[in-house]
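Thank you for making time for this today. I would like to walk through one model, moving from a helix and its charged side chains to a small sheet and its surroundings.

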Amino acid sequence: NIILMKKACHNKKLMQRMHTIWALKKENEMIKNRELLEQTYFNVSTEPIYATSESGLVVQIPGIENYKAVVKSDNRQVLGITTQKYGLLKNSDAFEMIFRAIDDLGIDGVVTDMSVTKNQARVRATIQFPEILCDPGDGHNLAYRCIVQNGYDGKFNFGFMQGCYRLVCTNGMIIGTTVEEFVSRHTINIEETFQQVIERFKTILPQASSIIANNTYKLIHTTNTHRTDQVADVVTILSNLPVKYRKEFDEKIDSPRAPYWDIYNAFTDVISHDDRKRSGFRRDQLLGNLHSSFEKVMKMNEDQFQEIRNQALAA
């Protein structure tokens, strides 16, 4: 009994110590809602591909030695078939390394959105940083955010996108400015590549507000010399936007000579508030395309502009 009492006392002290460590750890964590991603932290591994014969014998399938299966450990579910060059980057490693980088910098953030496919082979999360703000020049602040994605099916690459979003809109309208985007296939050196992305992220994060301001400055201060509908035609084709967005844009803006910034915000409003079934990654891709198209438009001479518009009209 004395031995059992000593063990119980030791275990109680150990538990108290663990709770203290956990409490200190929580105090140092700068990311809210990070627990949303814990459901994706299951263990996975890669294995040779097998088949079961009619007699119940399990055999390795010949002729596909260059491929392997990505298997979820707890229920043996196959999440994807990949080549031997595939490198496994676990969700827990990807997201926790990003969280640690943010914690180290001492910047507050919040996981505002997390989506995962039905078979849990793909995951995507948005982290917003409401304290990293800048006023681009129109009196309405922009805030910084990053989007991280990872997948196990061999088709959904590891991705990291940094950009900003509008605070002026209560619905959470997203501005399409992309600070930086990185997408990489899972290969045998994926962990090394991921480390480089983390270091780049840690470099950019403290400078994010000034980067965002610089990226929006031209949009606000460059004079638009074309009609609103002409700019919309060119932007639609350059951004590869669905025709429905062009029609919804016409309903939002009625100024025949609107500034670039107003046209830009009208398009981001339409894309961000699309309530149709569209993945978050596709939405952000379109917003990124939109920002790039405006950069191109502002550099075009009149002949180049009219040539692209003629293509849009023909399409």
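**Helix α6 and its charged neighbours**

Because R246 and D250 lie four residues apart in helix α6, about one helical turn separates them. Please keep in mind throughout that this is a predicted model. The side chains of these two residues, R246 and D250, meet in a salt bridge, with N and O 2.4 Å apart. As for how covered the two partners are, R246 counts as buried, at 13% relative accessibility, whereas D250 is partly exposed, its relative accessible area being 44%. The pair also belongs to something wider, since salt bridges with shared partners join R227, D229, D233, R246, D250 and R309 into one network.

Let me stay with the helix for a moment. Which residues of α6 are buried? In this helix, which spans residues 243-252, they are Y245, R246 and F249. They cover an arc of only 100° around the axis, so they sit on the same side of α6. The face turned away from that buried side carries V243, K247 and E251, which are exposed. R246 therefore appears in two roles here, being one of the buried residues of α6 and, at 13% relative accessibility, a buried member of a salt bridge with D250.

Another salt bridge to show you is formed by the side chains of R309 and D233, at 3.2 Å from N to O. This pair links distant parts of the chain, with R309 in helix α9 (residues 302-314) and D233 in helix α5 (residues 228-239), 76 residues apart. Are these two partners buried or exposed? R309 is buried, with a relative accessible area of 13%, and D233 likewise counts as buried, at 12% relative accessibility. In general terms, side chains of opposite charge can pair when their charged atoms come close.

**The sheet β2-β5-β6**

I turn now to a sheet. Three strands form an open sheet in the order β2-β5-β6, and their pairing is antiparallel. Its edge strands are β2 and β6, each of which pairs on one side only. On average, and with direction ignored, neighbouring strands of this sheet are turned by 25° against each other.

Looking more closely at one pairing, how many bridges join β5 to β6? There are five, and the two strands run antiparallel. Within this part of the model, V71 stands opposite V78 in β6. V78 comes up again at the surface, where Y67, V78 and I81 make a nonpolar patch of about 280 Å². Of these, Y67 has its place in strand β5, residues 67-72, and is partly exposed, with a relative accessible area of 42%.

The hairpin of β5 and β6 has five residues between its strands, and there R76 takes a positive phi near 65°. That value deserves a second look, as most residues other than glycine have a negative phi. R76 is also a salt-bridge partner: R76 pairs with E47, the closest N and O atoms being 2.7 Å apart. This contact links distant parts of the chain, R76 lying in the loop between β5 and β6 (78-83) and E47 in strand β2 (residues 44-47), 29 residues apart. For context, a search of the whole structure finds 10 salt bridges, of which I have shown you some.

**Q120 and strand β8**

Where else does a residue other than glycine have a positive phi? One such residue is Q120, whose phi is near 65°. Q120 has its place in the loop between β7 (109-116) and β8 (122-134), and at 19% relative accessibility Q120 counts as buried. Since the cut-off for buried is under 20% relative accessible area, I would state that assignment together with its value of 19%.

Strand β8, which follows that loop, also contains R124. At 5% relative accessibility, R124 counts as buried. R124 and F158 are 34 residues apart in sequence, while their C-alpha atoms are 9.6 Å apart in space.

To close, I would bring you back to the two arginines that tie this talk together. R246 in α6 is buried and meets D250 in a salt bridge, and R76, in the loop between β5 and β6, combines a positive phi near 65° with a salt bridge to E47.

Key:
Residues numbered from 1 in each chain as written. Predicted model: local features only at pLDDT ≥ 70, side-chain atom pairs only at ≥ 80, totals over all residues. Heavy atoms only, no water. Patch = residues over 30% accessible without salt bridge, like charges linked within 9 Å, V, L, I, M, F, W, Y side chains within 5 Å. Areas by Shrake-Rupley, 256 points an atom, 1.4 Å probe, with all protein chains shown as cover. Salt bridge = Lys/Arg side-chain N within 4 Å of Asp/Glu carboxyl O. Buried < 20%, exposed > 50% of the residue type's maximum accessible area, 1.4 Å probe, protein only. Arc of directions from axis to C-beta. Pairing = 2+ DSSP bridges. Axes fitted to C-alpha atoms, helices over the stretch in contact; angles between N-to-C directions.
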